[in-house]
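I set down here, entry by entry, what I looked up in this structure. The entries follow the order of my reading.

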Amino acid sequence: MLLSEIDPVQNNAVNAAVTTAGFSETAVWSGQPGGCGDPSATNANKNKCYPPAVNYSPLYYLVNGVGFNKTTASNSLFPTLPASAAPEPFWCAW
């Protein structure tokens, strides 16, 4: 089972960065003047690296890549089977 989450603000910031000409996957965001993420830079120069993940606030949660839908809640049910019978308890007599 894979649990994941989506923060639309973070995803939009990453999308803006990776579609900017001159984007570098290895550049480190600093937020400092002249550095990657310089808040005073123009948008074209601001998005040259991945944005930081501060204030990450996911609004959507997925199970195996599928979001929960209240109108079809039964689609979110996953059958489980026990792998084996419960193990015998371990007793230690001193």
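**Asp38 and its surroundings**

I began with Asp38, which lies in the loop between H1 and H2. I noted at the outset that the model is a predicted one.

Is Asp38 buried or exposed? I found its relative accessibility to be 11%, so Asp38 counts as buried, the limit for that class being under 20%.

I then looked up the polar partners of the Asp38 side chain. One of its polar atoms lies 3.0 Å from the backbone nitrogen of Gly34. The side chain of Ser40 also makes a polar contact with the side chain of Asp38, at 2.8 Å.

Which residues does Asp38 touch when neighbours within four places in sequence are left aside? I listed Gly31, Gln32, Pro33 and Lys46.

**The disulfide**

I searched for disulfides and recorded 1 in the structure. It is formed by Cys36 and Cys49, with the sulfur atoms 1.8 Å apart. The pair links distant parts of the chain, 13 residues apart. I placed Cys36 in the loop between helix H1 (8-18) and helix H2 (43-46), and Cys49 in the loop between H2 and strand E2 (60-63). For my own reference, I noted that a disulfide is a covalent bond between the sulfur atoms of two cysteines.

Why is the disulfide of Cys36 and Cys49 called left-handed? The torsion about its S-S bond is about -115°, and the disulfide is therefore left-handed.

I checked the accessibility of both cysteines. Cys36 has a relative accessibility of 13% and counts as buried. Cys49 is buried as well, with a relative accessible area of 2%.

**The aromatic pair**

I next looked for paired aromatic rings, and the count came to 1 pair. The rings belong to Phe23 and Tyr50; their centres are 5.0 Å apart and their planes stand at 80°, so I entered the pair as edge-to-face. This pair, too, links distant parts of the chain: Phe23 is in the loop between H1 and H2, Tyr50 is in the loop between H2 and E2, and 27 residues separate them. I recorded Tyr50 as partly exposed, at 35% relative accessibility.

**The sheet**

In what order do the strands of the sheet lie? I read the order as E1-E2-E3, with 3 strands forming an open sheet and antiparallel pairing. Strand E1 (3-6) and E3 are the edge strands, each pairing on one side only.

I followed the pairing of E1 with E2 in detail. These two strands run antiparallel and are joined by 4 bridges. I also noted that Ile6 stands opposite Tyr60 in E2.

**Two asparagines with positive phi**

I closed with the backbone angles of two asparagines. Phi of Asn55 is near 55°, which I marked as a positive value in a residue other than glycine. Asn55 is found in the loop between H2 and E2. With a relative accessibility of 75%, Asn55 counts as exposed.

Phi of Asn64 is likewise positive, near 55°, and this residue is again not a glycine. I located Asn64 in the loop between E2 and strand E3 (66-67). What is the exposure of Asn64? I entered Asn64 as partly exposed, its relative accessible area being 39%.

Definitions and conventions
Residues are numbered from 1 along each chain as its sequence is written. This is a predicted model: local features need pLDDT of at least 70, side-chain atom pairs count only at pLDDT 80 or more; totals for chains, interfaces and linings use all residues. Side-chain values use heavy atoms; hydrogens and water are left out. A disulfide is a pair of cysteine sulfur atoms within 2.5 Å. Buried means under 20% relative accessible area, exposed over 50%, partly exposed in between (1.4 Å probe, protein chains only). A polar contact is a pair of N or O atoms within 3.5 Å; within protein, one must be able to donate a hydrogen and the other to accept it, and residues adjacent in sequence count only if both atoms are side-chain atoms. Contact means heavy atoms within 4.5 Å. Two strands pair if DSSP finds at least two bridges between them. Rings of Phe, Tyr and Trp (its six-membered ring) pair if their centres lie within 6.5 Å; planes under 30 degrees apart count as stacked, over 60 as edge-to-face and the rest as tilted.
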